[in-house]
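Here is a short guided tour to read with the model open beside you. Have the sequence handy as well, and follow along at your own pace.

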Amino acid sequence: MIEIDSVEKRINLEPHSDPETMEKQEQIANYVAATSENKNKATYKNEVSFKIISYSISSALITALIIYNIGFILYCKRNRKYIGRDPSSGLKIYSIGHKETPFLLFNKIYVNNDSETISEYVICHEACHYKHGDYLWVL
């Protein structure tokens, strides 16, 4: 009787006196051992391939994000216009025509060019982001 343990890939053979049966059992044992070894090699190759692909995709996305952020920072530096300083927080306030929503970039507040008057609440809101360390998310 032939028993194949799928977890440990062992084959238990009952001894036979017939040489033909013993030879067939040895062939079966050799085939199962070779097949399981090939499956292990294929599984290992697949795991390595998936790791390489996932690391490559992650690296590409991180690189794209860094390039985009550097471009945005340079854009803000080139197209900003100094308005003044917030007296309570000391943050510089700039106007820029890029966004309609005010935002904080490092330690500078950017507001829309079109707004004639800048709301005190908007500046306070952005200053709170600065005090809470939210500007560090840009890094």
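## Where strand 4 meets strand 6

Find Y94 first: its bridge partner in strand 6 is Y110. A little earlier in the chain, K92 is matched in the same kind of way, with K108 of strand 6 as its bridge partner. These pairs belong to a parallel pairing of strand 4 with strand 6 (residues 108-112), which extends over 5 bridges. Please keep in mind that you are looking at a predicted model.

How many residues of strand 6 are buried? The count is 5 of the 5, so strand 6 is largely enclosed by the rest of the structure. As you look along the strands, remember that side chains in a regular strand alternate between the two faces of the sheet.

## The sheet around them

Strand 4 and strand 6 are part of an open sheet of 4 strands, arranged in the order 3-4-6-5 with mixed pairing. The edges are formed by strand 3 and strand 5 (103-105), each of which pairs on one side only. On average, and ignoring direction, neighbouring strands in this sheet are turned by 35 degrees against each other.

The antiparallel part of the mix includes strand 3 with strand 4, which pair over 4 bridges. Here G84 has I93 of strand 4 as its bridge partner. Strand 5 and strand 6 also run antiparallel, joined by 3 bridges, and L104 finds its bridge partner in I109 of strand 6.

## Two hairpins, two positive phi values

The hairpin of strand 3 and strand 4 has 6 residues between the strands, and G90 takes a positive phi near 80 degrees there. The hairpin of strand 5 and strand 6 has 2 residues between the strands, and in this one F106 has a positive phi near 60 degrees.

F106 deserves a second glance, as its positive phi occurs in a residue other than glycine. It sits in the loop between strand 5 and strand 6. Is F106 buried, partly exposed or exposed? With a relative accessible area of 28%, F106 is partly exposed.

## A buried aspartate in the loop

Now move to D86, in the loop that links strand 3 (81-85) to strand 4 (92-96). D86 is buried, yet it has no salt bridge. Which side chain of opposite charge is nearest to D86? That is K131, at 6.8 Å, whereas a salt bridge would need the charged atoms within 4 Å.

D86 does have a polar partner: its side chain makes a polar contact with the side chain of S89 at 2.6 Å. Leaving aside residues up to four places away in sequence, D86 touches L91, I93, I123 and A127. One of these, I93, is also the bridge partner of G84.

## The whole chain

Stepping back, the protein chain contains 2 helices and 6 strands. Read from the N terminus on, the elements follow the pattern β-β-α-β-β-β-β-α.

Of the 139 residues in the protein chain, 17% are buried. Among contacts with a separation of 6 or more, 29% come from residues 24 or more positions apart. To return to where the tour began, strand 6 has 5 of its 5 residues buried, and its parallel partner is strand 4.

Terms used
Residues numbered from 1 in each chain as written. Predicted model: local features only at pLDDT ≥ 70, side-chain atom pairs only at ≥ 80, totals over all residues. Heavy atoms only, no water. Buried < 20%, exposed > 50% of the residue type's maximum accessible area, 1.4 Å probe, protein only. Lys, Arg positive; Asp, Glu negative; His and termini not counted. Polar contact = N/O pair within 3.5 Å; in protein donor to acceptor, adjacent residues only side chain to side chain. Contact = heavy atoms within 4.5 Å. Pairing = 2+ DSSP bridges. Axes fitted to C-alpha atoms, helices over the stretch in contact; angles between N-to-C directions.
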